[in-house]
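User: I am new to reading protein structures and would like some help. Could we go through this one together, step by step?

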Amino acid sequence: MDKKESLYGRFSKKVIDQSKAILILWVFFFIAGLLLAPVFFSRLTPPQLSVKGSPSYMAESLWEKEFSGQVEDQALIVFHSARYTIETSEYRHAVQKVLSEVEKIDGIYKVMSPYDSELLTAAVPYSEDGHTSYALLLTEAEGKAAIKIDGEIRSILEENRTIEMYLTGRTATINDLSAMVKKDLSVAERTALPVVLVILLFVFGSVVAAIIPILLGLAGVFITFGLLTILGFNHIDIFVPSVISMIGLGLGIDYSLFILMRYKEECGKSDRTEALLTAMATSGKSVIMSGLTVMSSLVGLLLIKASLFLNIALGTFLTIGVLLALSVTFLPALLHILGGRIDYLSFRRKARERVRPSEKLYTWTRHILDRPQLYLVISLLLLFVMMLPAFGLQLKTDISDKALEEYSSGKGNALLAKHISSGIYAPVYFIYKANEGVLTDEDLAMMAQITDELRNEPSVANVYSVTDILDDLMGDLSINGLQELDAIEGNQANSMVLVNDGLSMGSIMITLKDAPDEVESVRFIESLRNRYRSEMDSGQVFIGGMSAMIADIHQETIEKTPVAACVILVISFMLLMRAFGSLFIPLKAIVLNLLCILASIGAAVLVFQYGWGERLFSFESTGYMQSYLPVLSFAILFGLSMDYEVFLVSRIREEREKGVGEDEAIAKGIEYTGPFITQAALIMLTVFIAFLFTHMLEVKQLGFMLSVAVLLDATVIRLVLVPIMLKLMGKWNWWTPGKSA
């Protein structure tokens, strides 16, 4: 062993010496993670769309500081009846009965009925046919108190079902998303794990050995949930649990499988303790190299100044860190304590035999090495054909509200979108700030002019501002009228958050006809910003709301994706060059990984953007791919693909160091690692495919891209292109500047 390998050996010996204490510690962490999981899911939020330093971020910060006041949250109760209309007594009685009970809930600041003049002056709270309407709820609570109020409102709605009633809004959406994600993860795990167990039983022929990788993967997932909870992250993006589960189960099982297979192989050559030390010094070392490469590739995501990417990068980083710690401590400690009992509950004799290399893979490798040009052309042609659709990629930032169609908030939003307006639950706010001091008569006149101009916009369903209240209630569009209005306790301007306490700012609330994530809404934001660019630059106008946030994260993602990709490539190249002492091997790995990733994106474009997989995977195509998925999949896939690269090339180098020729070393390397890579890829493929049947479209898209990439990587890349390219380069594979070939 070299110095580094002896370091792994010394560390593994210490782990073996303290194996019981290490196992007890990890069992404690696992139980803690299970207990903290409900807290983790309670902290999930809708997509984290804010981009630090963006126009919408500054508007959001100003809004929270100046306009939130007593109102901490808003909710909508959507009413619908196919039989009755808002004018009928049955409809009116049902609405008023429910709202009278809701008003009694502690923490409810104000309830605005669709029959109230206060809400009628701000918007039209019912559909043209009168069958659908909504009530606006303003609450003084946030956090756990808001969740409690949400539960009480739902209970009231359940007890009053004379007409359809659905609760929607920020807190309702968070609760529904949390419930949906927990259900999706449960379904994905119940789907994937039995199949994975069958594959592992086939690989090991022993129930005990087959359970170990699954146990390690599950432990990695739940311990990460617990860590994120303990670290105090109160706003965790709804997408994060799915990414943690996909990566945690996939890589956790992957890492433990490689170490276990090498351990079983070495058991046929020496005693179990020595076999374990050898496995950790070889496969254990490769696991660490692979994990560090994946973790390093995530650094590129941090260049994108969006909370979403920080959430995903942090969650994935912690997951892989936990998996590495489990792989080099928990796994060897468990294997040492089990000893020969790892083969308990064996159902075939082969479970107790030494793992043998695959002669078929050896023969296959020698076959393609004799015809490198033919197989090189065929393989590259396949990848190029698959990647062609990627050049027609269309991106859009989607908020995944359609995933909630089975839940209260989703049903409520769907009714609003169909019968009234898609933009009601996420208005755009246009903040007008006085140059100094309070708003002047000229400022109010300008706000009135802007309000009137916005009403003529084709994308706008409704506009309401403090100037409308001054006209309607005070008949005086002046600062004096505003001050008189402000002196009235519980005045409409304050309850509708249209003016701040210091009367230095006013807001214009804009309801769009389309949903906040529709292309038309984003285009409206862009045109509005262009129109008031000078006022925004001088700090007089701020434009915020969900549509503005979506516009900013879309632009940030598109602009930063090339930079993030370059950073990932450079870091991966440096790590692989240091690991293998080669210039060509890292370059070859990067080129092949890029081809593989582009091919997976191309396949995803066909299935999701063009809708080829709508019926198979139960989704409705939007005609776009989620804007942040290409760079996210690039970071994750680049790290995952290095997994097999490290294991294969490390084994080839082992054979080469024994003195065999280049072709023989390549064939032997694939002979020994090929079965492991194939089985590991099959397991990871099973995990990723299970997430294709969840509700969130972006989870389906990511699961599909990961599945296609792993399949291509374990077959076309590792079993064809890698050996051919190593063959063609010959002795130059291991060359670095300053070193003779």
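Analyst: Happy to help; below we take the model from its overall build down to single residues, and please keep in mind that it is a predicted one.

User: How many helices and strands does the protein have?

Analyst: A good start is to count the regular pieces of the chain. Both kinds are present here, and the count for the protein is 26 helices and 12 strands.

User: What radius of gyration does the protein have, and why does it agree with a compact globule?

Analyst: The chain has 741 residues, and a compact globule of that length would have a radius near 27 Å. The C-alpha trace spans about 95 × 50 × 45 Å along the principal axes. The value for the protein agrees with the globule rule, because the radius of gyration is 30 Å.

User: What percentage of the residues in the protein is buried?

Analyst: A residue is called buried when its relative accessible area is under 20%. The protein still exposes about 30100 Å², with carbon and sulfur atoms supplying 59% of that area. Of the 741 residues, the buried share is 60%.

User: What share of the contacts joins residues 24 or more positions apart?

Analyst: Here we look at contacts in the protein with a separation of 6 or more. Among these, the share that joins residues 24 or more positions apart is 81%.

User: How far apart are the mean positions of the positive and negative charges?

Analyst: The protein carries 63 positive and 79 negative charges. Taking the mean position of each group, the two points are separated by 17 Å.

User: How many residues of strand 4 are buried?

Analyst: Side chains in a regular strand alternate between the two faces of the sheet, so it helps to check each face in turn. On one side of strand 4, Thr 132, Tyr 134, Leu 136 and Leu 138 are buried, and on the other side so are Ser 133, Ala 135, Leu 137 and Thr 139. Strand 4 is therefore largely enclosed by the rest of the structure, and the number of buried residues is eight of eight.

User: Which residue of strand 4 is the bridge partner of Leu 76?

Analyst: Strand 2, residues 73–80, pairs with strand 4 in the antiparallel sense over eight bridges. Within strand 4, the bridge partner of Leu 76 is Leu 136.

User: And which residue stands opposite Leu 138 in strand 4?

Analyst: Strand 3, residues 108–112, also pairs with strand 4, through four bridges in the antiparallel sense. The residue opposite Leu 138 is Lys 110.

User: Which residue of strand 11 is the bridge partner of Tyr 429?

Analyst: Strand 8, residues 428–433, is mostly covered, with five of its six residues buried. It pairs antiparallel with strand 10 over six bridges, and there the partner of Tyr 429 is Met 509. Four bridges also join strand 8 to strand 11, again antiparallel. In strand 11, the partner of Tyr 429 is Gly 544.

User: Is Leu 503 buried or exposed?

Analyst: Most residues other than glycine have a negative phi. Leu 503 has a positive phi of about 55°, and it lies in the loop between helix 18 and strand 10. Its relative accessibility is 7%, so Leu 503 counts as buried.

User: Is Ser 618 buried or exposed?

Analyst: Ser 618 also has a positive phi, near 55°. Its place is the loop between helix 23 and strand 12. The cut-off for exposed is over 50%. With a relative accessibility of 58%, Ser 618 therefore counts as exposed.

User: How far apart in space are Thr 686 and Pro 194?

Analyst: Thr 686 sits in helix 25 and counts as buried because its relative accessibility is 13%. Leaving aside neighbours within four places in sequence, Thr 686 is in contact with Ala 192, Val 195, Val 196 and Ile 199. Thr 686 and Pro 194 are 492 residues apart in sequence, yet their C-alpha to C-alpha distance is 9.9 Å.

User: Which residues does Arg 455 touch, not counting those up to four places away in sequence?

Analyst: Arg 455 belongs to helix 15, and at 36% relative accessibility it counts as partly exposed. Its C-alpha atom is separated by 8.9 Å from that of Ile 510, which is 55 residues away along the chain. With residues up to four places away set aside, Arg 455 touches Val 463 and Asp 468.

Key
Residues are numbered from 1 along each chain as its sequence is written. This is a predicted model: local features need pLDDT of at least 70, side-chain atom pairs count only at pLDDT 80 or more; totals for chains, interfaces and linings use all residues. Side-chain values use heavy atoms; hydrogens and water are left out. Helices (H or I, at least four residues) and strands (E, at least two) are DSSP runs, numbered from the N terminus. The radius of gyration is taken over C-alpha atoms; the globule rule is 2.2 Å times the number of residues to the power 0.38. Buried means under 20% relative accessible area, exposed over 50%, partly exposed in between (1.4 Å probe, protein chains only). Contact means heavy atoms within 4.5 Å. Accessible areas come from the Shrake-Rupley method with a 1.4 Å probe; for residues, only the protein chains shown count as cover. Lys and Arg count as positive and Asp and Glu as negative; His and the chain ends are not counted. The place of a charge is taken as NZ of Lys, CZ of Arg, CG of Asp or CD of Glu. Two strands pair if DSSP finds at least two bridges between them.
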